[in-house]
Amino acid sequence: MDSGSAAAQAAGASGSRTSITRPVSQVNDMIKKADILLGIVLVLLCLSSLFLLNLSDENGSIVTVSVDGRHYGSYDLTENRRIEIGRPPKDAESKDTAGNSKDTSLKDASANDASANDASLKEADEAEGHSHAYNIVEIRDGAVFMAESSCANQVCVQQGAVRRVNQTIVCLPNKVVVSISGPKSDMDSVSY
Amino acid sequence: MHTAERKTARMAVGAALTALALIFSYVEFLLPIPMPIPGIKLGLANVVVIVALYSLGTASALSVNILRIVLSGLLFGNLFAILYSLAGGLFSFLVMWLLKKTNLFSTVGVSMAGGVAHNLGQLTVAALVVSNSKLFYYFPALLFAGMFTGILIGIVAWLVCRRLPRI
């Protein structure tokens, strides 16, 4: 009842009071002037943010993978490869040998980096109670896609391949972010 | 209507709307409508929230909103799903409530702003969770998607609201 008077003023024009005793107040025209104005403002905001974020058509050259906010590895987009993050199911089964068995992801990233990051990934996983979390990122023919993921929603896998600068693939449940940067890569400073 | 009677009626309608919102969430969970951007949903349950906002008022609509988020999260998702939904749902509710208060907008405008706010709230929480600001490259796409779905939901809410009596 807060603004019945405002509703009553415009009710005649809309003709919405047909058979029902008292319709919801404030529901008159489907689209008002302010709605259109707001729409225009939002479209402008959308276009200007597109411009500011520099989402170009340019193909990228470097794939950066980060896990839980930490840099996991950078890879050449022109080089076909599979990047395994976390433990795929076959490794996870042998828990007793997990300590001395090398993770397959070690082959892909530089040894020092990967072992440190891998340990932190495991810690994060165990803290969250899902120790089987894993993702497989695949680079093929100048594009990158999420080949496999242990997450429930599979949004990252369904997204398909990306190849342009500043495009990203995100697996929220596993906190994995795959992003593409251009050849003149000063993007690492921005990514945190 | 007597005050106590009116209160009971509002409570009953609020409960029915919450149940309806849960059904909408479930339908969307079972049959996701394909969207060009990964992870985007139409947000059918938001029709119920807008209808509640216009027919029951702010307090009841807020409780319908929170109840449907927590319940659908527990039923079809997990704690993280509830966190994301709450971030989107509450920010969206705040924006819709403020716009409705101005009396300048119809349900379409209110819903459009709500859709955008919902996506921005979720994007912000997602960026915080993965601690990676690169997620904001989704900003334009999510803004546009929020507008598009918000307008559709707003039209449906308008069609419903004009046929409903205010309780």
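These entries record what I looked up on one sheet of chain A and on the interface of chains A and B.

**Basis.** I worked from a predicted model, in which local features need pLDDT of at least 70 and side-chain atom pairs count only at pLDDT 80 or more, while totals for chains, interfaces and linings use all residues. Residues are numbered from 1 along each chain as its sequence is written.

**Sheet.** I found an open, antiparallel sheet of three strands in chain A, in the order E3-E4-E5. Strands here are DSSP runs (E, at least two residues), numbered from the N terminus, and two strands pair if DSSP finds at least two bridges between them. At the edges I noted E3 (81-86) and E5 (143-149) of chain A, each pairing on one side only. I then looked up E3(A) and E4 (134-140) of chain A, and six bridges join them. Gly86(A) has Tyr134(A) in E4(A) as its bridge partner.

**Interface.** I counted 47 residues of chain A in contact with 43 of chain B, contact meaning heavy atoms within 4.5 Å. The buried area is about 4,000 Å², with 65% from carbon and sulfur atoms; this is the accessible area (1.4 Å probe) that two parts lose on being put together, summed over both. I found zero salt bridges across this interface, the rule being a side-chain nitrogen of Lys or Arg within 4 Å of a carboxyl oxygen of Asp or Glu.

**Contributors.** On the side of chain A that touches chain B, I noted H2 (33-53), E6 (168-171) and E7 (176-181) of chain A as the elements giving two or more residues. Helices are DSSP runs too (H or I, at least four residues). H2(A) gives the largest share, 11 residues.

Technical notes:
Chains are lettered from A and ligands numbered from 1 in the order in which they are written. Side-chain values use heavy atoms; hydrogens and water are left out.
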